[in-house]
Amino acid sequence: MLKKILLSTFLTISLILFNFSEPTYAENIDNVQPGNAYLTEDSILSFKLLDKLDSNTAKKFDTIRFVLVKDITVKNKIVIPKDTVLSAVITKTHSSRILGQSGIIRLKINDYKINDTHTLHFKDDLKFKGGHNYANAAASIIIPFSGLLFKGKEVQYPPGTVIEYKLNDNLDLGINEAQLLSILP
């Protein structure tokens, strides 16, 4: 646990000092194959939804499509260009619940074919959470425990919404440096 905290602290300081916001290659990073390209934690994926993302109506295995607003690059080489349409499958979803639980949607980005022989595999899910309903907390102050009966907020994004998703963990792209650099122009 201490090793993980120290490693996380080191990476955070490195990101701040050296401003690494693009993917890099793993050496000894949790949840990333050694030598693989990955997006560092705190990287921001910018995309525009083509389909509605709503925890009230979403079902497991539904497909969500979106367009990248910014290029995904590795060592200043474009791996996935902006305006590329990608899709993701919902792996988990539930609407808000009593006791203030917010709605949740988890998405697994589908593989992206770079060319006929190489594919990027996004191994981790993206998680969207509806958030807290602060009106419930105010009601609890006036009438004790009344907030227990209120629901949290839903995940609700209509088509066309631009989302800047901040990664909470490193995102392994499932391809190593030699493979990636050999196929990029």
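Biologist: What volume does the largest cavity have in this predicted model?

Modeller: Start with the general idea. Rolling a probe the size of a water molecule over the atoms shows where empty space is left. In this predicted model, the largest cavity has a volume of about 40 Å³.

Biologist: How many cavities of 30 Å³ or more are there?

Modeller: The count comes to 1 cavity at that cut-off.

Biologist: Which residues line the largest cavity?

Modeller: Read the lining as a list of residues with an atom within 4 Å of a cavity point. Here the list holds Leu39, Leu45, Phe47, Phe66, Leu68, Ile72, Leu86, Ile109, Phe122 and Leu126. Strand E3 (44-49) and strand E5 (63-68) are the elements that give two or more residues to this lining.

Biologist: How many of the lining residues are nonpolar, polar or charged?

Modeller: The lining has 10 nonpolar residues. Polar and charged residues are absent from the lining.

Biologist: Now the sheet. In what order do the strands of the open sheet run?

Modeller: Read the order across the sheet, from neighbour to neighbour. The order is E12-E9-E8-E5-E3-E14, with 6 strands and antiparallel pairing. Strand E12 (125-129) and strand E14 (162-166) are the edge strands, and each pairs on one side only.

Biologist: By how many degrees are neighbouring strands turned against each other on average?

Modeller: The average turn between neighbouring strands of this sheet is 40°, direction ignored.

Biologist: Take one pair, E5 and E8. Over how many bridges do they pair?

Modeller: E5 and strand E8 (residues 85-94) pair over 5 bridges, in the antiparallel sense.

Biologist: Which residue in E8 stands opposite threonine 63?

Modeller: Valine 89 in E8 stands opposite threonine 63.

Terms used. Residues numbered from 1 in each chain as written. Predicted model: local features only at pLDDT ≥ 70, side-chain atom pairs only at ≥ 80, totals over all residues. Heavy atoms only, no water. 1 Å grid on protein atoms, 1.4 Å probe; cavity = no way out; pocket = protein on both sides within 12 Å on 5 of 7 lines; lining within 4 Å. Points joined across faces, edges and corners; volume = space filled by probe spheres on them. Helix = DSSP H or I, 4+ residues; strand = E, 2+ residues; numbered from the N terminus. Nonpolar A, V, L, I, M, F, W, Y, C, P; charged D, E, K, R; others polar. Pairing = 2+ DSSP bridges. Axes fitted to C-alpha atoms, helices over the stretch in contact; angles between N-to-C directions.
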